[in-house]
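Open your viewer and get a selection box ready. We'll go from stop to stop, picking residues and looking at what is there.

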Amino acid sequence: MGALPDGSLLVACGGTRAHLLAADPTNGSARVVRTWKDARYAHSLVVRGDRFWLAVGGDPGAIVPDDADAPGERLVAGRYANGRVTLAEHAAPTSGVGIATLTADAAGNRLFVMGRPTPVLYSFDPSAAVYRELAVLGKRQNHEDATIWKGIPERVAEVPQALAALGTNDVCGFYKGTAFRWTEPPAPAPGKRPASGLRTDRALRVPAAQGRQGTEGDRAECLLVARSGVVYGGSYDGYLFRFDPATNRVVNLGKPFRQAGLRALAELPDGTLAGLCGEPGFRNRLFLHDPDRGFREVAFKTNKMVLPYDLFSALA
């Protein structure tokens, strides 16, 4: 979910079919911008001014069997101008590769894309529409010479579901619950192999319920880079946490509700965090968090927004 220049909201959602919606937060009205009949999910929406990007395809969190068809997912780029939205579609980084998540730098000049089922980090140049492979986080699967995924794909908990761009040449996330960071390495000396630029820190982990480490419980569902430069995240088990790249520390801020699935975060103008918590198929709950008041739920007396319940449950 992201805000457009006129104050309306773009929402990527799905479940049985992928949709991109435009909603007016002042009166609760909503309209469908685009529906993809051949895709189940639209996810990982990133808005930068009048431009935005999202992924369209299958469920990015599904455990995919080794004989499943190639995902056929794609990157969708959009622009908002004079009240109209125009869209352009780009293929996935390589044949047979899905898109687990994506993010963009603050100016929208560079995108970072995480492939699946092998967690490979790519960059995407929006002006040239060109992908570049940056780093491989897990064991590489063979996608290139077949229309099916060969070998056993990585478990859902092992494919990052969120990325945070710390700059044009810097991105971080969590792989198998452990923090990783990629920084553009300097050009190699003649005759030398280029450095990978990838670093991991096993001491920095996503908060999870007791006994849930090493499962989907310590998967980061969302990441947000605040204006202060601190990264906030939400976990599959419903914990809000703070990651400070300057001090290299992860701090567990607790759970807003007993339920799992802290799935989306946004920073309000006064620095308060807003978040959406809820598992697919269950009621989503909106909360606010600030250091002085802690968590508090946002209760709606009325909800004029006309959306099918299954779509509202899939807001991301």
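A quick bit of vocabulary before the first click: two strands pair if DSSP finds at least two bridges between them. Helices (H or I, at least four residues) and strands (E, at least two) are DSSP runs, numbered from the N terminus. This is a predicted model, in which local features need pLDDT of at least 70 and side-chain atom pairs count only at pLDDT 80 or more, while totals for chains, interfaces and linings use all residues. Residues are numbered from 1 along each chain as its sequence is written, and side-chain values use heavy atoms, with hydrogens and water left out.

**The whole chain**

Start with a cartoon view. The protein has one helix and 24 strands. Of its 316 residues, 49% count as buried; buried means under 20% relative accessible area, exposed over 50%, and partly exposed in between (1.4 Å probe, protein chains only). Switch on a surface and you are looking at about 15,400 Å² of exposed area, with carbon and sulfur atoms supplying 51% of it. Those areas come from the Shrake-Rupley method with a 1.4 Å probe; for residues, only the protein chains shown count as cover. As for contacts (heavy atoms within 4.5 Å), residues 24 or more positions apart account for 46% of those with a separation of 6 or more.

**First sheet: β5 to β8**

Select 41-48, which is β5, and 51-57, which is β6. These two run antiparallel and are joined by six bridges. Zoom in on R48 and you'll find its bridge partner in β6, R51. Now widen the view to the open sheet of four strands, ordered β5-β6-β7-β8 with antiparallel pairing. Which strands stand at the edges? They are β5 and β8 (84-91), and each has a single partner strand, so one side of each is left without a neighbour in the sheet. On average, neighbouring strands here are turned by 20° against each other, direction ignored. (For such angles, axes are lines fitted to C-alpha atoms, for helices over the stretch in contact, and angles run from 0 to 180 degrees between N-to-C directions.)

While you're here, click S44, which sits in strand β5. S44 has a positive phi of about 55° although it is not a glycine. Most residues other than glycine have a negative phi. At 17% relative accessibility, S44 counts as buried.

**Second sheet: β13 to β16**

Move on to 163-167, strand β13. It belongs to an open sheet of four strands in the order β13-β14-β15-β16, with antiparallel pairing. The edge strands are β13 and β16 (198-205), each pairing on one side only. From one strand to the next, the twist averages 25°. Four bridges connect β13 and β14 in the antiparallel sense, and G167 stands opposite D170 in β14.

Then pick K176, in the loop between β14 and β15 (178-183). K176 has a positive phi of about 55° too, although it is not a glycine. It is partly exposed, with a relative accessible area of 40%.

**Rings**

Show the aromatic side chains as sticks. How many aromatic pairs does a search of the whole structure find? The search turns up seven. Rings of Phe, Tyr and Trp (its six-membered ring) pair if their centres lie within 6.5 Å; planes under 30 degrees apart count as stacked, over 60 as edge-to-face and the rest as tilted.

Select F124 and Y131. Their ring centres are 4.8 Å apart and their planes at 55°, so the pair is tilted. Both F124 and Y131 are buried. Add Y122, and you have one aromatic cluster of Y122, F124 and Y131.

Next, F174 and F243 form an edge-to-face pair, 6.2 Å centre to centre with 75° between the planes. This pair links distant parts of the chain: F174 is in strand β14 (residues 170-175) and F243 in strand β19 (residues 240-244), 69 residues apart. F174 is buried at 6% relative accessible area, and F243 is buried at 4%.

For a charge over a ring, pick K255 and Y239: K255 lies over the face of Y239, at 5.4 Å from the ring centre. The rule is NZ of Lys or CZ of Arg within 6 Å of the ring centre and within 35 degrees of the ring normal.

**Last stop: T272**

Finish in the loop between β21 (262-267) and β22 (273-277), where T272 has its place. Is T272 buried or exposed? It is buried, with a relative accessible area of 6%. Leaving aside residues up to four places away in sequence, T272 touches A266, E267, L288, H289 and D290. The C-alpha atoms of T272 and H289 are separated by 5.9 Å, with their positions 17 residues apart along the chain.
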